[in-house]
Amino acid sequence: MRLLASFTIVQRAAGLGLVLLLLLPALALLSGLREAKLSANLLELLPQQSHSAAEQQAITQIQSTLHRDLWLLLGHPDADQLPRAAAQLSQTWQRSGLFVSVEWQFQQDLAQVRQSLKQARIASLPLAAQAQLNDDAARFIDGRSARLLDPFRPDLLPPQEDWLGFASLISANAASASALTWQATRGTLERHAHGQQWLLIRAQSLSDAFALDTPQQIANLLSDSQRTLQAQGFSLLASSGLLHAAAAQTQAQREINLVGGGGLLGIVLLLCLSFRSARALSALLPVCTGMLAGVLVSLCLFSSVHVLTLVLGCSLIGVAIDYPLHVLAKRWQPGSWHPEQALQQLLPSLTLGLLTSVLGYLALSAAPFPALQQVAVFSAAGLMAAFGCVICVLPKLIRALPAHPAPALLQHSASRWLNWRWPRSALLLVMLLAAFGLPQITWSEGLKQWISSPAALLEQEQAFADISGQRPTSQFFLLEADDLEQLLQRERALLEALKPLQQAKQLGAVLSIAERYNSPAQQTALQLRLQQLAQTPLDTPHWQALGVSPALLQSTLHELAALPVLSLADWLQSPLGQPYQTLWLGEQNGTWRSIVSLNQLQDSQLLHALPSLPGVRLINPLGDVQTQLLSARQQALWLVLLAAGLMLALLCLRCGYRLALRLAVVPALALLLTVSLLGLLQVPLTLFSVFALLLVLAVGVDYAIFLQQQHSLATACGLCLQALTTLLSFGLLALSNTPAISSFGLCLALGISLSLLLAPLASPPTARSHHGRT
Amino acid sequence: MKRRALIVALSLAVLASLGARANEANSSFDLPALSQQLQQSERLHGQFIQRRFLPGLAQPLQSQGRFVMDRELGLLWLIEQPWQLDLRLNQSGLAQQQDGQWLAVADNAASAQFTRLFLSLLQGDHQQLTPLFDSQLHGNREQWQLTLQPRSLLLKQVFQHIVVSGGNEIQQVTLLESQGDRSELLFSQQQPNQPLSDSERRALVP
């Protein structure tokens, strides 16, 4: 009767599991409907910054180009070889269908450039020239005659259209921002460096760095082109966020194969060896179901799933296999074997285990880290699906299996483990390890833990930056003001404050609108000044020596003064202003905003040391990741202590404080030794190691309770097997190239091994003698 | 007797073939040959006059002075009239002398390319010129005229054409710019392979 009742419980549970499983196709449909992206964007992993809407808009605007643009430098010792090779390359790339445009010739239409220069002679006149016009106009104007004697520098505008050569002052000012110079005979941007002539090519990708296939396709195309061109004696350097995305994806792919494939392979081997039946492989079904559910639920809940989530998620294999292993291990018990019966015995503890695990993961998702949230959701969903599969499908699959003792080797090791007694001298070893290890613990927090771009890619980027002078820093300035006038004034004040850094070679080019565009009020003031100069007789001996009359100069000044005031919108549309469009945010609710961006910054601390200027804010999209990570780590450490305290209290309540302390010794020593060993190994601890310690704590207590209370060989065998699978999958994580993931894996692998080794400390004194007798 | 006749006939034949070869060389006076002719001297001293005819001015702008072109070291362009202005053109670009110091002139992004073009013109460097211009060469070694038409769309927007003429050395360069200006450079009193004076050496040798 009782047996019947519990069977109905199992059947009901199976029904529940079936419902869980039936949810899967629905999830698949839903995730298919949503166009989820696989992301390799570092920013999405890190804590969400509390950026205002304006800041967020600025960040998006700045990054949209970074994530789409690919810059190339084509080099060859013979400059004349470049145009043909560049044309060929751009043709090949265009044909790939991956790009909106591949340009190597810029500003081909000189007539348009000339027209826009002519119109902007007041609006874009450099500040230095304005100062000279105000302070010593006659000398400045007379000095502008020297250009006409020099046959080597044809101006873009002919002298009769621009006697004072304002247009050439503007184009020289524009050219000073880049290390590359515009070659008017070819329309290219080039530079001679390291014994080669380099030509700039810009490719704009059709989709951004977070699309699934594009980065990889582009990286492949690039390496193909590099190989072909190198064979012909050319060099090709590239710089783009797309390449980092591709590298991250490739690496994640490799690691998913390693962690997932390696984990599965290991588990298949273990299953075959320990159960001696191919049918035991059906234990893999819940694992696969769990992984599938994890991916589907993540795709449904998050707009993009990060590649690192998948890498971490792969380690779920080692955890999800525990449920079927529990059931299968019952086969090793002497007597008859009945899967449903085994499940019925296990159901309460399995359910409790699932609940605590899921709750634990959900607690993890409360951390302000999108990365951890994704891993938590992935794991919780995966565990639930695996559980569902175990209770409703697994028993039917393994019903035909006969009862069978565990393999001799496993039995042997499990029994040694069960009966192992640590000698007192081991305590000395622990103390020694701790004494040497603990002082050597180092903490390392920061972006470096998350980025693991290949060295070759970074070298290439450095070479590109050295030659082109282009290396945009992630930090930029956001400026706000009540009107355009004030905004441009603030930009100029900022430029002034940044000058010492540039002179000290700590900072490269600074891009700002104010440096190229004079506000309408400034333009009006210039017009007035020019008008005034046109009406006063000026001493211009050099012009007279050339045969240019003062009257001609005066009419030129009049003509300049009569140029219409150029609005910012018109200037931004002109060939001169187009490159600055990304810096312009516009007006919103009476606040005007713009961006000042930086290149080749040596040390970001220098920016924090700048005096604070009104309306100027330094924006760091990567955020104060450092401080955020540190405070998160602090919280996580408290969480570990809190969890430890709670566990101890619970144990005290249930088994009394003497036994509770005895049990607590296992996780406490495991934690201590893990940390000491990491110190000795010179592996820095990170926030992720703290989360790993939390898991070690839980596992350690688990093993201790088991050895204390369930002293049977068959279950010891099962536990050993579970520990092996868990170790396998987390241990594989330690091989990851991403330091944060590898330190998580290493810490867990060490901690679980140590917990396993130390667990016999908790076995009851009587147990040993009892087992010794039997 | 017979033998003597043979020798005469043979030498006549040799002479004839030599003459034929000389004729051939004259008729195939092409750009490479001109290049070779212009590049014979390692160094050239001389005088120049530059005139710029601008639509807005009744009189052309005129400057004159002397120049030193050294195949290895570069070009010194020493303007004496209407006022003194010393320019130097070499691998590192254009520089101007101010208070005894040579300061790099970098006020036009396009200038680096043009200075190279200018040097190629003066040195008759056909390998540099051929990719940029279609050329037509008339005349012979003693008196020739080279007309250069820009090939690229971009260069067409700068020059209509360039005419270079001369004999053993370049005598005149005329640049007809697309926007209606015309520049003339006249060279005279050219002396090949003269030693550099002290001040010239100081200016040219880095």
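**Exercise 1. Work out how the ring of A:Trp332 is placed and what it pairs with.**

Solution. Start with burial: in this predicted model, A:Trp332 has a relative accessibility of 6% and counts as buried. Next, look at its partner, A:Phe275, which is also buried, at 1%. The structure holds 16 aromatic pairs over all chains. For A:Phe275 and A:Trp332, the ring centres are 4.8 Å apart and the planes meet at 10 degrees; stacking requires under 30 degrees, so this pair is stacked. Finally, place both residues: A:Phe275 belongs to helix H9 (residues 241–275) of chain A, and A:Trp332 to the loop between helix H13 (322–329) and helix H14 (339–364), so the pair ties together parts 57 residues apart in sequence.

**Exercise 2. Classify the pair formed by A:Trp584 and A:Trp592.**

Solution. Take the geometry to begin with: 6.2 Å centre to centre and 50 degrees between the planes make this pair tilted. Then check accessibility: A:Trp584 is buried at 18%, whereas A:Trp592 is partly exposed at 26%.

**Exercise 3. Explain why A:Cys389 has no disulfide with A:Cys392.**

Solution. A search of the whole structure gives 0 disulfides over all chains. The closest cysteine sulfur to that of A:Cys389 is in A:Cys392, at 6.2 Å, which is too far for a bond because the cut-off is 2.5 Å. A:Cys389 itself is buried, at 2% relative accessible area.

**Exercise 4. Find which residues form the nonpolar surface patch, and where they come from.**

Solution. The members are A:Leu428, A:Leu432, A:Phe436 and A:Leu680, with about 390 Å² of accessible area together. Helix H18 (residues 425–437) of chain A gives the largest share, 3 residues. A:Leu680 sits in helix H26 (residues 625–680) of chain A and is partly exposed, at 33%.

Definitions and conventions: Residues are numbered from 1 along each chain as its sequence is written. Chains are lettered from A and ligands numbered from 1 in the order in which they are written. This is a predicted model: local features need pLDDT of at least 70, side-chain atom pairs count only at pLDDT 80 or more; totals for chains, interfaces and linings use all residues. Side-chain values use heavy atoms; hydrogens and water are left out. Buried means under 20% relative accessible area, exposed over 50%, partly exposed in between (1.4 Å probe, protein chains only). Patches are made of residues with over 30% relative accessible area and no salt bridge: like charges are joined within 9 Å, nonpolar side chains (Val, Leu, Ile, Met, Phe, Trp, Tyr) within 5 Å. Accessible areas come from the Shrake-Rupley method with a 1.4 Å probe; for residues, only the protein chains shown count as cover. A salt bridge is a side-chain nitrogen of Lys or Arg within 4 Å of a carboxyl oxygen of Asp or Glu. Helices (H or I, at least four residues) and strands (E, at least two) are DSSP runs, numbered from the N terminus. Rings of Phe, Tyr and Trp (its six-membered ring) pair if their centres lie within 6.5 Å; planes under 30 degrees apart count as stacked, over 60 as edge-to-face and the rest as tilted.
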